[in-house]
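Got the model open in your viewer? Let's go through some of the labels people put on it and ask what backs each one up.

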Amino acid sequence: MLGAIIGDIVGSYYEVLEMEALKDHQKQKRSYEERIKILDSKTPLFLEKSSYTDDTVLTCAIANSLLQNEDYEKNLRYFGLKEINKGLDKYGRYPFGAGFIKWVKDEKIGDSYGNGGAMRISPVAYFAQDLEDVLLETEKATKPSHNTEEAIKGAQAVSTAIYLALNHHGKEEIEKTISELFAYDLFFDLSDLQHNYKFTARTCNSVPQAIYCFLISNSFEDALRKSISIGGDSDTIAAIACAISEAYYGIPENLKSQAYTYLPKEYRQIVKNFYEELTLIKALNEVNINDKSFLKYMRQNCKKYNLPKETGLWGCFINKDQNDIITGVRIIVPNIINTDTLLINIHEYTHAYEIYKRIGEKDNLNQEQEETKARQNEALYLKKIINQN
Ligand SMILES: [Mg+2]
């Protein structure tokens, strides 16, 4: 997710140059020279003029849908409208393309074949159960505004590449799977793209090029620089290449911290919540709690607070009907900021999982046994972490 945001922020400056070059042929040379300069590792990535754009806004909308277990369309419209109401961006542009603005305002059906579905899709790959789930969830997240075969296929290719990279597949395998599943030709020549690639927002002419830039890269930063060097819709090409690169290489800390300074508080918070949720999913997996439907359920039934451990506010609460039948479960836990707070989360999630499995049944939980299980999971997690280190 943050990979896509970094690509977007760094690419924003170059996209504007490319758009100016489209309108004015005199500016083509300048745009080419500027983007080739970025291949030099000494050229700064984050500039005064750099800013987040629609790629970031809608990636946050998708992440928020997943975190709140909410409808994608609702969040895409909410975040879209909110950003439109802020007015023009740093470059004096409208934050979204004309088609998307019309869709957000309900003046047009969502039938775009543009790369807007692919640029925002990265969070989906992190929460998916398996490849089938990746494809299905991607279709759901893309359809509201990009209900065309071309746009859905492009978004699925990106989320599939991220999913495979997250699951430690090599580049050869990623290339083979994407080529076969989506019939994309990923064979390009970097120098040829740098000279001849033309600006387009079409999915079928952006996604393969962006995936190629990831495939030929040797680090996150290298993918970022190479993807911008080819020109075109630079922020989106870089957002896609860097979203896959994040899953494959991870992101250098200095790039992460620089990117945060460009984000408004609301988006920073969503990014933080997203990675906190991933930390939790990973930790719960260590104690064999990996039921995706439970985790999804808990996203709506878990309240997190940023309070010290000593407040003792934390707990797991059973909802029951008048016949003592369990109807639901909710927990209150601290934000995960260190091992202590993570252990409290593991403890309460262990309780919640046992109750979740009994929804619809009479409450016959043995509290002592359940407490022992929760403590055992804390100990199991600590043991596994110590062994890993
Ligand atoms: Mg953009």
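Q: Where is Glu 34 found, and why is Glu 34 called buried or exposed?
A: Glu 34 is found in helix H2, residues 28-37. This is a predicted model. The relative accessible area of Glu 34 is 16%, and buried means under 20%, so Glu 34 counts as buried.

Q: How far apart are Glu 34 and Gly 231, in sequence and in space?
A: Along the chain, 197 residues separate Glu 34 and Gly 231, yet C-alpha to C-alpha they are 9.8 Å apart.

Q: What about Arg 202: where is its place, and what label does its accessible area earn?
A: Arg 202 is in the loop between helix H11 (190-196) and H12. With a relative accessible area of 32%, Arg 202 falls between the 20% and 50% cut-offs, so "partly exposed" is the right label. Its C-alpha atom is 21 Å from that of Arg 35, with the two positions 167 residues apart along the chain.

Q: Which residues coordinate the magnesium ion, and at what distances?
A: Thr 53 (OG1), Asp 54 (OD), Asp 55 (OD) and Asp 235 (OD) coordinate the ion, at 2.1 to 2.4 Å. The cut-off for a donor here is 2.8 Å, so that range qualifies. In sequence, the donor residues follow the spacing T-D-D-x179-D.

Q: What makes Asp 55 and Asp 235 a pair that ties parts together?
A: Asp 55 sits in helix H3 (residues 54-68) and Asp 235 in helix H14 (residues 234-249), so the pair links parts that are 180 residues apart in sequence. Both Asp 55 and Asp 235 are buried.

Q: Why are H12 and H14 called oblique to each other?
A: The axes of helix H12 (residues 207-215) and H14 cross at roughly 40 degrees, coming within 8 Å. Under 35 degrees would count as roughly parallel, and roughly perpendicular begins at 65, so H12 and H14 are oblique. The H12 and H14 crossing is right-handed.

Q: And what makes H1 and H3 roughly antiparallel?
A: Helix H1 (residues 2-23) packs on H3 at about 160 degrees, with the axes 8 Å apart. Angles over 145 count as roughly antiparallel, so that is the label for H1 and H3. Their crossing is left-handed.

Q: How do you know that the length of H18 agrees with what a helix should span?
A: H18 (residues 339-356) has 18 residues, and at 1.5 Å a residue they should span 26 Å. The end C-alpha atoms of H18 are 25 Å apart, so the two values agree.

Q: Why is H18 said to be largely enclosed?
A: Of its 18 residues, 16 are buried, so H18 is largely enclosed by the rest of the structure.

Q: What caps the N-terminal end of H18?
A: Asn 338 does, with a side-chain oxygen 3.3 Å from the backbone nitrogen of Asp 340. The limit for a polar contact is 3.5 Å, so this one passes.

Q: What is worth flagging about phi at His 168 and Asn 288?
A: Most residues other than glycine have a negative phi. His 168 isn't a glycine but has a positive phi of about 65 degrees, and Asn 288, also not a glycine, has a positive phi of about 65 degrees. His 168 lies in the loop between helix H9 (149-166) and helix H10 (171-182), while Asn 288 lies in the loop between helix H16 (265-286) and helix H17 (292-300).

Q: Why do His 168 and Asn 288 get the label they do, buried or exposed?
A: Exposed means over 50%. His 168 is at 74% relative accessibility, so it counts as exposed; Asn 288, at 54%, therefore counts as exposed too.

Key: Residues are numbered from 1 along each chain as its sequence is written. This is a predicted model: local features need pLDDT of at least 70, side-chain atom pairs count only at pLDDT 80 or more; totals for chains, interfaces and linings use all residues. Side-chain values use heavy atoms; hydrogens and water are left out. Helices (H or I, at least four residues) and strands (E, at least two) are DSSP runs, numbered from the N terminus. The expected span of a helix is 1.5 Å times one less than its number of residues. Buried means under 20% relative accessible area, exposed over 50%, partly exposed in between (1.4 Å probe, protein chains only). A polar contact is a pair of N or O atoms within 3.5 Å; within protein, one must be able to donate a hydrogen and the other to accept it, and residues adjacent in sequence count only if both atoms are side-chain atoms. Donors are N, O and S atoms within 2.8 Å of the metal (3.2 Å for Na, K and Ca); water is not among the atoms, so sites may look incomplete. Axes are lines fitted to C-alpha atoms, for helices over the stretch in contact, and angles run from 0 to 180 degrees between N-to-C directions. Angles under 35 degrees count as roughly parallel, over 145 as roughly antiparallel, 65 to 115 as roughly perpendicular and the rest as oblique. A crossing is left-handed if the near helix is turned anticlockwise from the far one by less than a right angle, and right-handed if clockwise.
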